Amino acid sequence: MVNRRLLKEFESEHCFPEEVTWDSFGPDPQTLTCPVCKNRVITITHSSCSWKTHLASTLMCFLCCPFCLVPYFVNVFKTVQHFCPACGLMLGEYRA
Ligand SMILES: [Zn+2]
């Protein structure tokens with residue numbers, strides 16, 4: 001018979017990275033439990049440009065022109081929305 005407590009500890013330590021809280025979304029996919037479908041998922045991210053992306057690009061243009069397009073390719077400077085891959089619910093958002 002499997003010790004359920006040990007199995008749960010093993011799963012939490014070895015199978016999934018640390019779960020995020022609802023206000024801690026970052027630019028990268030996060031692991032969490034979806035409140036609607038109850039699946040433990042790694043979020044799908046969709047990024048879009050914001051005024052901060054354009055501002056960062058403008059600043060980069062003045063500082064080092066060849067790198068002025070970098071903010072358009074790096075999620076750190078964009079608004080990133082996190083979606084559940086199972087049910088499609090938007091779970092959170094990261095704003096640069
Ligand atoms: Zn879901």
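In which segment does Arg-95 lie? Arg-95 lies in the segment after S5, and I shall return to this residue once the strands have been introduced.

Good morning, colleagues. The structure before you is a predicted model: local features need a pLDDT of at least 70, side-chain atom pairs count only at pLDDT 80 or more, and totals for chains, interfaces and linings use all residues. Residues are numbered from 1 along each chain as its sequence is written.

Let me begin with confidence. The score pLDDT is the predictor's confidence in each residue, from 0 to 100. The protein chain averages 80, and 76% of its residues score at least 70. Confidence is lowest in helix H1, residues 4-15, with a mean of 52, and highest in strand S2, residues 40-42, at 95. Over residues 14-18 the score stays under 50. For residues 14-18 the model has three contacts beyond four places in sequence, a contact being two residues whose C-beta atoms, placed from the backbone, lie within 7 Å.

I turn to the overall layout. The chain comes to two helices and five strands, in the sequence pattern α-β-β-β-α-β-β. Here helices (H or I, at least four residues) and strands (E, at least two) are DSSP runs, numbered from the N terminus. Of the 96 residues, 14% count as buried. A residue is buried if 20 or more other C-beta atoms lie within 10 Å of its own, exposed if 12 or fewer, and partly exposed in between, with C-beta atoms placed from the backbone. Among contacts between residues at least 6 apart in sequence, 52% join residues at least 24 apart.

One annotation should be mentioned. An unreviewed UniProt entry places the feature "transmembrane region" at residues 55-74. UniProt positions are given in the numbering used here, feature names are shortened, and annotations may be inferred rather than shown by experiment. In the model, the span of residues 55-74 is 45% helix and 0% strand, and its end C-alpha atoms lie 14 Å apart.

Next, the sheet. Three strands form an open sheet in the order S3-S4-S5, with antiparallel pairing. S3 and S5 are the edge strands, each pairing on one side only. From one strand to the next, the twist averages 20°; axes are lines fitted to C-alpha atoms, for helices over the stretch in contact, and angles run from 0 to 180 degrees between N-to-C directions. Two strands pair if DSSP finds at least two bridges between them. S3, residues 44-48, pairs with S4 over five bridges, and S4 pairs with S5, residues 90-94, over four.

Which side chains of S4 are buried? In this strand, residues 79-83, Val-80 and His-82 point to one face and are buried, while Thr-79, Gln-81 and Phe-83 point to the other and are not. In a regular strand the side chains alternate between the two faces of the sheet.

Val-80 has partners on both sides: Ser-47 stands opposite Val-80 in S4, and Tyr-94 is the bridge partner of Val-80 in S5. Further along, Gln-81 is partnered by Glu-93, and His-82 stands opposite Gly-92.

We can now come back to Arg-95. The C-alpha atoms of Arg-95 and Val-80 are separated by 6.5 Å, although the two are 15 residues apart along the chain. Arg-95 counts as exposed because it has 11 C-beta neighbours inside 10 Å.

Finally, the loops. S4 and S5 form a hairpin with six residues between them, and Gly-88 in the turn has a positive phi of about 85°. Cys-87 is also in the loop between S4 and S5. Why is Cys-87 partly exposed? Cys-87 falls in this class because 14 other C-beta atoms lie within 10 Å. Beyond four places in sequence, Cys-87 touches Cys-34, Val-36 and Cys-37. The C-alpha atoms of Cys-87 and Cys-37 are separated by 6.6 Å, with these positions 50 residues apart along the chain.

Lys-38 is in the loop between S1, residues 31-33, and S2. Its phi is near 65°, a positive value in a residue other than glycine. Most residues other than glycine have a negative phi, and most peptide bonds are trans. Lys-38 counts as exposed because it has 10 C-beta neighbours inside 10 Å.
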